Amino acid sequence: MRAAFLAALAAALLVCSSFARADDGTLRIGSKRFTESYILAEVVAQTAAPHVKVEHRQGLGNTAIVLAALKNGSIDLYPEYVGTIDQEILKHAQPSSLEQIRGELAKMGFGIAVPLGFNNTYALAVRGDAGLGTVSELARHPELRFGLSHEFIGRTDGWPGLAGRYGLPQQPRGLDHGIAYEALAARQVDVIDIYSTDAKIARYGLTVLRDDRAYFPRYDAVLLYRLDTAARFPQAWRAIGGLEGKISERDMIGMNAAAELEGQSFADVARRWLARQGGNAAQPAATPRSLAGVLFGPDLARLTGQHVMLVALSVLLACIAGVPLGVLAALRPRLRQPVLALTGVLQTVPSLALLAMLIPLLGTIGIVPALVALFVYALLPIVRNTCTGILGIAPGLRQAALALGLTPRQRLWHVDLPLALRVILAGVKTAAVMSVGTATIAAFIGAGGYGERITTGLALNDNTMLLAGALPAAALALLTQGLFELLERRLVVARKK
């Protein structure tokens with residue numbers, strides 16, 4: 001059994017190291033988790049694709065996560081906005097010149113280039129019948145309910161500075177940007193933050209409040225990149241440079257509308273826009289929008305393989321660490337509470353916060369930090385059940401084993417663990433079923449799995465896409481539970497024999 005554990009551990013570490021190893025011949029392009037970022041990254045990726053192998057690591061969460069990916073080389077570039085770089089990344093209290101921004105970014109190993117041609121500024125919006133026209137007027141209506149995106153609430157160029165500049169007394173409620181428009185239309189909130197190129201502004205007949213005290217800087221769309229990118233991919237970089245100034249605000253609103261209102265995929269939206277610019281990209285067929293069409297789409301096999309691999313490896317690693325910890329907790333009473341308390345505390349760390357901390361610690365995004373996070377969440381049920389199973393063995397049986405001349409180690413392997421196996425297996429089953437659901441967070445850092453569909457559905461507020469990710473995850477959880485229950489029955493039959 002020990003040899004099997006060591007072999008499994010070696011195999012798991014080998015797989016993890018293979019995923020962590022970068023392919024220097026691939027141009028990796030990142031995007032944040034909102035529609036426009038997905039689309040712009042696809043435009044850049046498809047522009048570069050004829051010249052180099054390209055990978056789009058999509059939906060990498062907020063600015064902090066995608067910037068960490070850029071710092072550690074997990075991506076080479078991503079679409080960003082000058083105002084975000086100036087105030088959120090460089091932490092400037094006042095707008096800076098482009099020369100100053102470039103100089104400070106160069107010290108970090110970054111550069112900005114290829115201004116794409118449009119300004120997508122932050123703004124606040126209200127329903128058309130609200131009778132408001134400027135941000136200043138909000139201060140006179142403390143009863144208004146603010147539903148703001150979590151990133152906007154925490155950004156230095158977001159809510160804190162805006163509330164200070166305008167003297168706004170309201171306390172905002174955190175709301176995902178993908179559902180903010182529907183919440184406003186349903187009168188669940190009265191004020192939301194928007195991007196000026198959002199397609200839903202006109203659809204819902206909203207009034208965009210004028211920034212009458214000029215709080216928001218310009219958010220001209222650019223590419224934030226690692227300085228070695230141009231030298232590593234010269235032909236692709238020249239092609240990407242051809243995008244400079246080509247995307248107008250009207251173009252961007254139209255592309256956002258095609259994705260959010262017409263249900264086109266991000267890749268198809270980008271391909272159609274490039275085709276209109278005189279490129280060689282062919283017009284794709286319309287993306288199927290029925291639930292069955294999306295559920296059994298061409299990406300199902302890939303996402304299933306990624307999801308199963310994440311769950312299997314993380315639970316395997318949790319067993320390798322958790323069973324010995326559970327044994328230690330059972331046999332060493334002084335260590336019992338510290339071990340159980342530590343694994344319990346790890347279970348309470350919010351998943352996205354843990355991922356954000358792991359990226360700079362591990363120096364990568366994708367499979368490795370996702371596996372570490374899932375491993376942490378799988379530990380508690382395995383440790384607890386192992387400890388409970390061993391403590392549940394009748395003292396007489398354990399004393400009899402010693403009376404027969406077995407050493408404590410022999411008793412552990414030949415008496416304690418076999419008798420506690422059903423309880424331990426129940427803990428492993430709990431960890432595996434939980435991991436199937438928790439593994440959907442892996443998509444937030446580019447590790448794939450069914451979470452890719454869920455994050456896309458959240459960005460578009462697309463219930464069909466959300467279901468296409470949630471239903472396979474639920475089916476996999478049921479299958480996992482069924483397999484473990486079958487294994488438990490076989491163990492019962494084997495013991496009776």
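Is Leu419 buried, partly exposed or exposed? Leu419 is partly exposed, because its relative accessible area of 32% falls between the two limits, under 20% for buried and over 50% for exposed. The model is predicted. Leu419 sits in helix α20, residues 408–438. Its C-alpha lies 9.1 Å from that of Gly392, and the two are 27 residues apart in sequence.

**Nonpolar cores**

The largest nonpolar core has 70 residues. Ile75, Tyr78, Ile85, Leu105, Leu224 and Leu310 touch the most other members. Helix α18, residues 367–391, supplies the largest share of this core, with 13 residues. Another core lies apart from it and has 59 residues, including Ile39, Val44, Leu77 and Tyr225.

Take Leu105. Leaving aside neighbours within four places in sequence, Leu105 is in contact with Ile85, Leu90, Phe110, Ile112 and Leu224. In soluble globular proteins, nonpolar side chains tend to be buried together.

**Strand β1**

Strand β1 covers residues 26–30, and 5 of its 5 residues are buried, so the strand is largely enclosed by the rest of the structure. In a regular strand the side chains alternate between the two faces of the sheet. Both faces of β1 are covered. Thr26, Arg28 and Gly30 are buried on one side, Leu27 and Ile29 on the other.

Strand β1 runs parallel to strand β2, residues 53–57, and 5 bridges join them. Arg28 has Glu55 of β2 as its bridge partner. Between the two strands the chain passes through helix α2, residues 35–48, in a right-handed β-α-β crossover.

**Aromatic pairs**

The model holds 11 aromatic pairs. Two of them share Tyr122.

| Pair | Centre to centre | Angle between planes | Class |
|---|---|---|---|
| Tyr122 and Tyr195 | 5.3 Å | 40° | tilted |
| Tyr122 and Tyr219 | 5.6 Å | 90° | edge-to-face |

Why does the pair of Tyr122 and Tyr195 tie together separate parts of the chain? Tyr122 lies in strand β5, residues 122–127, and Tyr195 in strand β8, residues 191–195, so the pair joins parts that are 73 residues apart in sequence. The pair of Tyr122 and Tyr219 also links distant parts, 97 residues apart. Tyr219 is in the loop between β9 and β10.

How accessible are these rings' residues? Tyr122 is buried, at 5% relative accessible area. Tyr195 is buried too, at 12%. Tyr219 is buried at 1%. The three tyrosines belong to a cluster linked by ring pairs, which also includes Phe34, Phe152, Tyr215 and Phe216.

Note on methods:
Residues numbered from 1 in each chain as written. Predicted model: local features only at pLDDT ≥ 70, side-chain atom pairs only at ≥ 80, totals over all residues. Heavy atoms only, no water. Core = buried A, V, L, I, M, F, W, Y, C linked by side-chain atoms within 4.5 Å. Buried < 20%, exposed > 50% of the residue type's maximum accessible area, 1.4 Å probe, protein only. Helix = DSSP H or I, 4+ residues; strand = E, 2+ residues; numbered from the N terminus. Contact = heavy atoms within 4.5 Å. Pairing = 2+ DSSP bridges. Right-handed = clockwise from strand over helix to strand, strands pointing away. Phe/Tyr/Trp six-rings, centres within 6.5 Å; stacked < 30°, edge-to-face > 60°.
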